[in-house]
Amino acid sequence: MRHDDLGAGLAGTVLYEMVAARTRGQWSAARAAAQALTAHPWNAHPGEASLYRGVPAVAYALHSAEPPAYSRTLATLDEETLAIVTARLDAAQRRMDSKRPPRMSEYDLISGLTGLGAYLLRREQRTALERILHYLVRLLTEPLTVAGHQVPGWWTTDGPRGSQDGTSIGHANFGIAHGMPGPLALLALSSRAGITVDGQDKALDDAIAFLTTWAQPSREGTIQWPEHLCLNDFLNGPAGGAAPRRPSWCYGTPGIGRAMQLAALTRRNETARQFAEHVVLGSITNPRQLSQLPDITLCHGWAGLLLTCDRIASDAMTPAIAKELPALRAHLSAHMVRHDIPKNAGLLSGNAGVLLALRTLSTPRRTDLGWETCLLLN
C-alpha cells in the first residue's frame, strides 16, 4: 500500500479521520493516522505527483485538520505542489503549442492538472489556480486535428484504459474522473468561488453544448452519456440504442450530470440545468442501470452514487431527485448487509471513502463539505 495515495492508501484514511474528527470533536484517531502518514517519504516528482498521489495528496488530507496543527507542514507542501504545478503546466503548454493531443494524465482529475486545480481551489491558491484555468479554457475551446479530422482539444491519445499501444488514435473520454467533465466541473466550481479567467464562460458554454449533443437514448428509453468515443463513433455522430450503463460517480451519468449541472448553474442556463437533472433522474430510476453497480465504493459503487445524487439534489430545480434519495440509501444499506465494507484503505476503492460518504450523509449539521472538492462535487 502506498501511504501517500489518496485513492487507495493511507492518505485517504487520514482525510476520513480529519473530517470525522470535525463532526465528533475528538482528534486522537486523526492525529494517530496523520502521524503514520507523515512518518513516510512522499513523492514530489512532477511526472508522478498529483491530487491523488504524493505531496498534493498528503497536503489535501492534512488540510482538514484543526488549524494550526499542520500549518508548517502544509506551507512546505504548498511550495512543493506549486513547483509540481509549474512543471506540469509548462509541459502542457509546450504540448498544446505543438498541436499534439494530450495524454489523459495531463489534464484529468486523478493524475492531471484538473486534480491539481482542485487542490489549489481547496487551499485557496488563487494565482496558481488561474494559470490552470487558462490552460483548461484552451483545452476545452481549441480543437485539434487527429487522422485528418477535427476533434476536441481534450481528445486523448490514450486508449480508454489509459494506456498507449502505439497504434491507437485515441478517444474522447466522458468520465468525471478521467475525461472532459472534470475540467468542466473545476471551471464551474472556480466560477462559484469567484475565480475566473478570460474565455471561461465560453469554455463552459462549449462543454454544455457538447454534453447536450452527446446525451443518447438507451435501448430502454432513458438518456445517458457514453463513457468514451472512438474516432469512428465520434465522426458518425450521436446514436441511440446503447445498452444501459452503470450509474457510477467516476464514469456514469450522475458524475457527468453533476458537472453539467454545476456549469449550467454558473452560466444561469436553466434549460441545461433541467436537462442534466432529467438525465440523472432517468439513470437512478432505471433498475437495469442500478443493477450494474458492483459494490459500495465511492468510485464505482453505491456510496459514490448516493453522495453525487445528494449534491445534485441540493441544487436541483425540482424535488424529483431528492425524492429518490431514500430509495438509493435503502439499496446501499441492503448491499452492506450482503457485503462487508472493503477492508483495503483509501478513498476511491477502499473503506475510507464509504465511511466518509456515510458520515457526511448522516450528519445533520455538515461541518466540512469542502472535502468533496477532490471529487468535484462541491
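The exercises below, each with a worked solution, concern the fold and three residues of a predicted model.

In this predicted model, local features need pLDDT of at least 70 and side-chain atom pairs count only at pLDDT 80 or more, while totals for chains, interfaces and linings use all residues. Residues are numbered from 1 along each chain as its sequence is written, and side-chain values use heavy atoms, with hydrogens and water left out.

**Exercise 1. The chain as a whole**

Describe the secondary structure of the protein chain and state how its radius of gyration relates to the globule rule.

Solution. Begin with the secondary structure: the protein chain has 16 helices and 6 strands, where helices (H or I, at least four residues) and strands (E, at least two) are DSSP runs numbered from the N terminus. The radius of gyration is 20 Å, close to the 21 Å that the globule rule gives for 378 residues, so the chain is as compact as a globular protein of that length; the radius is taken over C-alpha atoms, and the rule is 2.2 Å times the number of residues to the power 0.38. Then turn to burial: 57% of the 378 residues are buried, that is, under 20% relative accessible area, with exposed meaning over 50% and partly exposed in between (1.4 Å probe, protein chains only).

**Exercise 2. R122 and its polar partner**

Place R122 in the secondary structure, decide whether it is buried or exposed, and find the partner of its side chain.

Solution. R122 is found in helix α6, which covers residues 113–122. Its relative accessible area is 14%, so R122 is buried. The side chain of R122 makes a polar contact with the side chain of S64 at 3.0 Å, a polar contact being a pair of N or O atoms within 3.5 Å, where within protein one must be able to donate a hydrogen and the other to accept it, and residues adjacent in sequence count only if both atoms are side-chain atoms.

**Exercise 3. T297 and D310**

Locate T297 and D310, and identify what surrounds T297.

Solution. T297 lies in the loop between α13 (287–290) and α14, and it counts as buried because its relative accessibility is 4%. Its side chain makes a polar contact with the side chain of D295 (2.7 Å). Leaving aside neighbours within four places in sequence, T297 is in contact (heavy atoms within 4.5 Å) with residues including W302, P342 and V354. D310 lies in helix α14 itself, residues 302–315, and is buried at 13% relative accessibility.
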